[in-house]
Every structure is written in C-alpha cells, then in structure tokens.
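Thanks for coming. Please have the sequence and the model open while I talk.

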Amino acid sequence: MSADDPHDAQLVPRGKNGRAPDVFRPAAWIPMREYPQDEAVDFAIVGTGAGGGTLACRLAEKGFKVVAFDAGAWWRPLEEFASDETHQGKLFWTDERICDGENPLHLGNNNSGKAVGGSTVHFAMVSLRFRPEWFRSRSLLGYGADWPLDWREMWRYYGEVEEALKIAGPVNYPWGPKRPRYPYRAHELNASALVLARGCEALGIDWSPTPLATVSAPRGDAHPCVYRGFCVSGCATNAKQSALVTWIPRAVRAGAEVRDLAMVGRIAMGHDGRASGVEYMREGRWQFQRARNVVVAGYAIETPRLLLMSATERFPDGLANSSGLVGKNLMVQLNQAVWGTMDEEIRWYKGPPSLSLTEHWNYEDKGKDFFGGYCYMSQGPLPVAWVSTQNGRGLWGQQLQDEMRKYNHQAGLKIVGEAMPQERNRVTLADEKDQYGLPVARVTYSLCDNDKRLVRHSLDFMSLALEAAGARDIWRETDDTCHLNGTARMGDDPATSVVSADCRSWDIDNLWICDGSVFPTVGGVNPSLTIQAIAMRTADRIEALAARGDL
Amino acid sequence: MTGLPRYPGYDVTAKRDTPSWDDVTRTVIDERLATPHEPHFFDVVEWQALCALCACIVPQDRERPVVPVAALVDARLANNLGDGYRDARLPPMRDAWRIGLRALDAESRSRHELPFSSIADEARHALLTDMQEGGLDGPEWRGMPGAVFFAKRVLHDICGMYYAHPHAWSEIGFGGPANPRGYVRMVANRRDPWEAAEARPGREDQAYKENRRVR
C-alpha cells in the first residue's frame with residue numbers, strides 16, 4: 001500500500017510527511033506544514049467542506065496555526081474521478097445511519113460527502129444568495145426564527161465568496177437587491193435549461209441562467225467546464241470550484257495542515273470546562289491533537305453526533321447543549337419535481353444539471369398558502385439517478401424499461417424548497433456502533449403541514465410551466481429531499497440557540513461550530529454559498545476577537 | 001418522437017479508446033464488465049430466486065446483449081457497499097436481502113408449491129405486485145415489511161445496477177463516459193458525432209450507419 005496508489009486513497013493517508021497531493025498535477029505533491037500533536041495549535045477544525053475548508057483557509061491566511069481533520073480521502077480528481085455514477089459513490093458518506101420518522105430521509109448521494117472538500121466535491125455547484133428578508137423571517141415574514149446576522153453584512157461576504165470561486169452567472173440577476181455582475185460569464189444553456197425558460201416566459205415570470213461554481217473560462221490550472229455532465233459524481237477536470245481545489249490548496253499554502261482519513265470521535269474537555277483538543281482515529285489507532293480552540297464543521301448530522309458523543313460528567317447531554325437544542329431543528333430542503341416527455345431530443349446528460357432557474361416564488365409572497373419559498377431548476381439526471389426517480393413512482397418491469405427508453409426526450413423542473421424548522425426533526429445517537437466503535441446517528445424526519453402545502457403549490461405551478469413548455473405525460477415526483485441544515489442553530493439568546501452570530505458556542509467559549517448546522521432557517525436556495533459566506537465572516541470575527549484578547 | 005426511441009447499432013463501449021474515456025474510467029468499466037457471472041454472496045437457492053426476480057424487475061430484450069444484473073447485485077452485496085442510510089424498518093442490507101429472497105420463495109411455495117424461480121411469469125408478477133402493495137407478511141419476513149423491502153432494496157439495488165452497465169446506456173442512447181472530451185452541441189435536436197443517433201421512422205438504416213461511426 002502507498003499514498004501514491006489511487007486504489008489506496010481510502011486506506012493510506014496522503015496528507016502526511018510534510019506533503020499533500022497537488023490536485024492540479026498528476027502524481028505531484030505540494031509541501032505542507034505539520035504541527036506536533038502535543039503542542040496546542042490555535043484551531044483544530046473537524047471537517048473540510050464548505051464550512052471547515054473555507055474557515056481553515058481564512059484562519060491560516062490570517063496567521064493562525066490550523067490543523068483540519070477529515071474522515072474521508074484526499075482525492076486526485078484528474079486521475080481518480082471516473083465518469084461513472086456508481087463508482088463515484090466513493091465520494092459519499094456511506095457509513096450506516098438509521099432513518100425514521102414519518103418521512104425517513106435518503107442520505108448519501110445528494111446530501112453527504114466523505115472526502116477532503118466534503119460535499120462540495122459532488123455538489124451541483126448552484127451558488128445562490130439568500131433573500132435578505134430570510135435573515136429575519138420571524139419578524140418580517142412570520143415564520144421560523146430570526147438570524148443574528150444582518151443581510152447587508154452577508155451581502156458583502158456573498159460577494160467575496162463569489163469572487164473567490166469565480167462564479168459563472170448572468171450580468172443582471174432578476175431578483176433581490178442589486179448586485180454586481182458575476183465574475184465569470186454565464187454558461188451556455190442546454191436544451192433542458194431552455195425548457196425551463198420557455199415555461200417561465202409562457203407564465204410571465206422571470207428566469208435566469210443559474211449562477212454556478214464551475215468556471216466558464218480558464219482559471220489557473222483549470223480549463224473551462226467541458227459539459228461532460230457528471231458534476232454530481234465529482235468533476236474530473238477541476239472546472240468545478242469545490243473546496244478540494246479552491247480553499248484547501250490555499251489553506252495548505254498558507255500553513256494549515258490537513259489530515260485526511262482522520263475520523264474525530266471525541267472533543268476532549270479540560271478541567272477548566274474548556275475544550276483541550278480532539279481525539280481522532282487515523283491509521284488504525286486513536287490519537288490526540290491538543291488545541292486552543294476546536295471548530296466542529298461536520299455538517300448537520302456529524303456535527304451534532306460529535307457534540308453528543310463528547311458528553312462528559314459536567315456536560316451529560318453533550319457539549320454546547322445547555323439549550324437542549326443540539327441535534328434538533330434538522331432541516332432538509334424539499335426537492336420535489338415534475339417530469340415530462342418532449343417531442344424534441346433534449347439529451348439532458350450534457351452540461352451541468354441545473355443550468356437555469358427561477359426564484360420567482362422565493363421573492364413573491366402573494367398567492368401563497370404557505371410560509372417560506374422555493375426556487376426551481378432545470379434538471380439532468382444520469383441513468384442511475386433517473387431510474388431511481390422512476391422507481392420512486394413504483395415502476396418496474398416492462399413499464400419501467402419503456403419509460404427509461406424515453407431518456408433522451410425527458411425534461412423536468414425541480415424545487416429547492418424551504419422546510420420549516422421543527423424540534424421533532426432531529427439527530428440522536430442509536431445503540432448500533434459503526435466501524436470506529438462509535439454510536440451511529442439516528443435521523444428522524446417528518447414533514448409538517450406547511451411543508452406539504454409548499455410542495456403542492458410548487459407541483460401545481462411547475463406542472464403548468466412544463467406543459468406550457470410543450471411537455472406531455474407530465475407526472476409528479478412527490479417525495480425527494482436534499483441538503484441538511486439546522487441541529488446547532490445560531491441566535492442572540494443562549495436559551496434558544498447553540499451558537500452566537502460568530503459561530504461560537506454559548507456554553508464553551510473555545511468551541512465553535514461552522515457549517516450548515518448553524519442555520520436557524522434554510523430558505524429556498526441551495527445552502528453552500530451561505531455556509532461559505534458565514535465561514536468567511538467567522539474568520540474575520542475570530543481575527544477581531546483575537547486582536548482584542550477575547551479568544 | 002413517435003413510439004419509443006431506438007438507437008440501432010449504438011454501442012457506448014465503442015468509445016472506450018476515444019477521448020471520451022479516461023484511464024480511470026476504462027479501469028472502472030473494465031472491472032464491471034469482468035464481474036464473475038456466478039454468485040459470491042448468495043447461496044444457490046437465493047441465487048435462483050434473485051435471477052428470477054431480476055428477470056421480472058428489468059426484463060431484457062433477447063436480441064440485445066445481456067446485462068448480468070443478478071451478478072452485479074451479488075457483487076455489490078459481496079463488497080457490502082452501502083448507501084449511507086437505512087430505513088429503520090429494515091435490517092442491514094445483507095440481512096434484508098437474505099430474509100427477503102427466502103421469504104419470497106416461501107410465499108411462492110405456499111401459493112404454488114414451487115420456489116419463485118420455478119413458477120410462471122404471470123404468477124411471479126402477481127406475487128411481486130402483492131409484495132409491492134404490502135400484501136405479503138408471512139412469518140418468514142421476520143417482521144420486515146415486504147413493501148419497504150421491495151421499494152428500498154429490490155428496486156433500488158436491481159435497477160441501480162442494471163443502469164450502471166454500458167449495455168443499458170446503449171439501449172437508452174446515453175452518451176456514457178465523457179472525460180476529457182465532454183460535449184459541444186448543447187441545444188435540442190443536435191448531437192455531437194460521438195453521441196447516439198436516434199432512428200427516425202422508416203430511416204433505421206441511416207441511424208444504424210451513423211451509430212456504427214460513433215467514436
């Protein structure tokens with residue numbers, strides 16, 4: 001076994017011995033600083049996705065000593081990402097999790113990553129800003145909870161993330177406050193995206209090319225997107241601006257150490273009631289890294305799981321949990337769709353899957369019988385994902401095979417819809433143990449009436465839009481979900497939230513949480529841009545707090 | 001589109017040595033195509049039930065090359081490659097399959113005095129329809145809901161592996177692997193020369209000719 005052998009990426013750590021994989025050059029390495037385990041680093045960060053990867057980079061660039069841990073492998077996309085849906089399952093978090101509730105979730109492929117770079121390695125690159133009012137949805141819109149963040153400040157950080165990732169998008173975006181044009185030009189629309197456009201124009205609402213985190217012009221060592229269409233299976237050309245090829249190389253260059261194949265199983269607590277480091281499994285043995293601060297960035301299941309698993313006598317209900325809210329208010333996003341058959345050849349496998357969208361029902365409040373909003377996007381599932389969708393409506397046998405034959409003539413519209421926060425939707429620890437001997441997560445989910453009304457509204461509207469665009473045999477996919485948020489919400493009051501606006505836990509002042517877990521509400525857009533914006537803000541806040549001796 | 005689209009003569013694996021396939025993809029697909037056709041996870045009894053089950057779930061046209069879907073499902077279970085979630089009503093993947101296939105045989109014996117693989121197509125379909133609708137709940141299921149097993153394991157695993165095979169991609173006209181070349185023609189009714197040509201009614205020969213040139 002060796003770190004150079006692609007088959008061993010999941011067996012032998014690559015971030016070791018003073019070097020890390022150069023993701024831009026086959027078989028090459030870049031130098032990486034290493035920190036001793038028994039000297040406390042400034043920050044131990046658990047997770048290297050949109051939250052942890054971004055924060056590790058920004059903190060290292062500000063001069064902090066940072067070690068980031070990821071349970072997954074450090075892949076070399078150019079050599080190791082096959083054009084194959086099934087094989088690329090290696091990017092997903094496929095350790096067992098038990099799902100129950102009235103609507104048991106499907107996890108893995110569209111909401112969990114296990115790799116350096118986290119879920120951004122296989123996300124669909126959709127990079128949208130929140131509607132400003134959502135940061136005060138309780139006060140202004142009458143539902144959910146207010147965020148402790150001001151939208152104008154977030155607007156600035158959104159701009160910084162868009163610049164850092166060279167988001168490709170339109171010159172003018174139709175919704176929300178004015179914003180500058182996107183750094184890179186919008187991508188060419190495929191036939192599937194033009195179906196969405198036709199439907200919107202027929203119904204008199206705005207649509208737009210989707211702002212995407214995949215480059216439309218050369219950038220550094222990456223050439224523009226070649227429209228191969230395997231985006232959610234991992235990008236083999238590095239056009240996708242995942243944390244793996246953006247924040248992580250920057251972090252390493254700035255002096256951060258990233259340890260791959262390192263599963264953190266416990267946050268260690270000192271006698272002073274503060275975190276003293278992390279215990280992690282790497283190369284078959286439990287190890288310990290001392291740290292002055294610990295940041296949990298494992299996404300909305302692994303983050304509460306780690307906090308709950310780290311319970312001590314002093315914190316019997318888990319760390320940072322005096323509010324009792326750790327693990328609660330898990331929010332997915334609703335991901336229902338309408339599908340239909342077009343006369344023309346669409347061939348939706350070409351290009352990024354969601355090249356066009358409308359946020360009309362995020363910004364329009366009239367004509368709704370529900371709280372919250374949704375956007376919807378054009379679609380391009382590859383065959384395995386598409387047959388799974390067909391299975392979801394119960395098809396099998398000849399009927400299924402006949403439907404699958406229409407693959408190149410399909411078009412669809414799919415929402416990212418705002419699910420309401422509910423305390424009954426939660427992550428807890430099950431009795432079963434995983435391969436590390438740690439209790440597996442139990443994930444409980446039930447839709448509420450408001451969620452169901454939103455779904456009905458969206459399916460009714462999208463059916464009209466798809467029909468207006470010329471589709472026949474339209475049918476509704478009624479049960480899909482995507483993304484994971486909540487479970488450690490931020491707020492102004494320690495009694496009703498887990499962390500402050502700075503992502504600092506109320507109970508333990510050197511324990512931070514920086515990922516989608518901190519969302520009090522989810523809005524009707526994909527969360528990655530907001531997670532990264534929060535991470536950039538958190539880094540600035542930490543720098544300011546450190547400067548005044550408040551760390 | 002009139003009738004079901006057809007792509008006569010299109011074989012996605014003909015692109016294996018073109019710029020649409022990279023080394024890692026060639027390795028991955030070669031390994032899948034070399035999957036042994038005999039079971040490694042299931043025993044003989046379970047294997048026969050699985051083969052019969054696959055023939056019902058994804059019936060195959062005898063005129064086309066066969067997708068060895070039962071072997072692919074067996075290989076997946078032998079490697080114990082999970083999905084990352086498990087409906088709390090089901091036991092772990094391997095247990096669910098063992099229980100499910102044995103229960104299916106038991107239901108078949110109680111109705112027809114024969115195992116599932118030995119009954120006629122119509123009887124198989126009736127049994128599976130009952131399973132899908134939650135009508136099977138004998139003691140052999142050991143409390144596992146047949147309908148949940150059918151939706152979350154039978155359909156998910158069998159169909160997922162069938163459409164992971166290049167023959168299935170050729171059948172539906174999917175472009176297949178596409179790195180580093182990708183695609184150029186993005187709008188409707190346009191194809192790159194390395195994509196499948198759909199047969200127009202009465203012009204199957206032309207599509208056949210074009211598909212034999214797909215590289």
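Strand 5 of chain A, residues 98–100, and strand 1 of chain B run parallel and are joined by two bridges. Strands and helices here are DSSP runs, of at least two residues for a strand (E) and at least four for a helix (H or I), numbered from the N terminus. Two strands pair if DSSP finds at least two bridges between them. Opposite A:I98 stands B:R86, in strand 1 of chain B.

Before going on, a word on where this comes from. The model is predicted, so local features need pLDDT of at least 70 and side-chain atom pairs count only at pLDDT 80 or more, while totals for chains, interfaces and linings use all residues. Residues are numbered from 1 along each chain as its sequence is written, and chains are lettered from A and ligands numbered from 1 in the order in which they are written.

Back to the strands. What is the order of the strands in the open sheet? The order is 16(A)-17(A)-5(A)-1(B), four strands with mixed pairing. Strand 16 of chain A, 426–433, and strand 1 of chain B stand at the edges with a single partner strand each, so one side of each has no neighbour in the sheet. Helix 7 of chain A, residues 299–309, packs on this sheet and touches strands 16 and 17 of chain A. The direction of helix 7 makes about 65 degrees with that of strand 16 of chain A; for such angles, axes are lines fitted to C-alpha atoms, for helices over the stretch in contact, and the angle runs from 0 to 180 degrees between N-to-C directions. Inside the sheet, strand 5 of chain A pairs with strand 17 of chain A, residues 439–444, in the parallel sense over three bridges. A:I98 has A:R442 as its bridge partner in strand 17 of chain A.

Now helix 7 of chain A itself. Nine of its eleven residues are buried. Buried means that 20 or more other C-beta atoms lie within 10 Å of the residue's own, exposed means 12 or fewer, and partly exposed is in between, with C-beta atoms placed from the backbone. The buried residues of helix 7 include A:Y299, A:E302 and A:R305. A:Y299 has a positive phi of about 80 degrees, although it is not a glycine. Why does A:Y299 count as buried? Because 29 other C-beta atoms lie within 10 Å.

A:T487 also has a positive phi, near 75 degrees, in a residue other than glycine. A:T487 is in the loop between strand 19 (481–485) and strand 20 (511–513) of chain A. With 32 other C-beta atoms within 10 Å, A:T487 is buried.

Next, the contact between the chains. How many residues does each chain bring to the contact? Chain A brings 59 residues and chain B 45, where two residues are in contact if their C-beta atoms, placed from the backbone, lie within 7 Å. On the chain B side, elements that each supply at least two residues include helix 1 (23–33), helix 2 (44–57) and strand 1 (86–87). That side has 28 nonpolar, eleven polar and six charged residues. In this count Ala, Val, Leu, Ile, Met, Phe, Trp, Tyr, Cys and Pro are nonpolar, Asp, Glu, Lys and Arg are charged, and the others, Gly among them, are polar.

Then the interior. A nonpolar core is a set of buried Ala, Val, Leu, Ile, Met, Phe, Trp, Tyr and Cys residues joined through C-beta atoms within 7 Å. The largest one has 225 residues, and those touching the most other members are A:I45, A:A56, A:V66, A:V295, B:V69 and B:I158. Domain 1 (12–20 + 175–212) and domain 2 (31–167) of chain B both give residues to this core, so it lies between them; the domain bounds come from an automatic or database domain assignment. Another core lies apart from it, with seven residues, including B:Y10 and B:W194. Over C-alpha atoms, the centres of the two chain B domains are 33 Å apart.

Strand 3 (residues 41–46) and strand 4 of chain A pair in the parallel sense over four bridges. The bridge partner of A:I45 in strand 4 is A:A68. Strand 4, residues 66–69, is covered on both faces: A:V66 and A:A68 on one side, A:V67 and A:F69 on the other, are all buried.

Last, a detail in chain B: the peptide bond from B:N179 to B:P180 is cis, with omega near 5 degrees.
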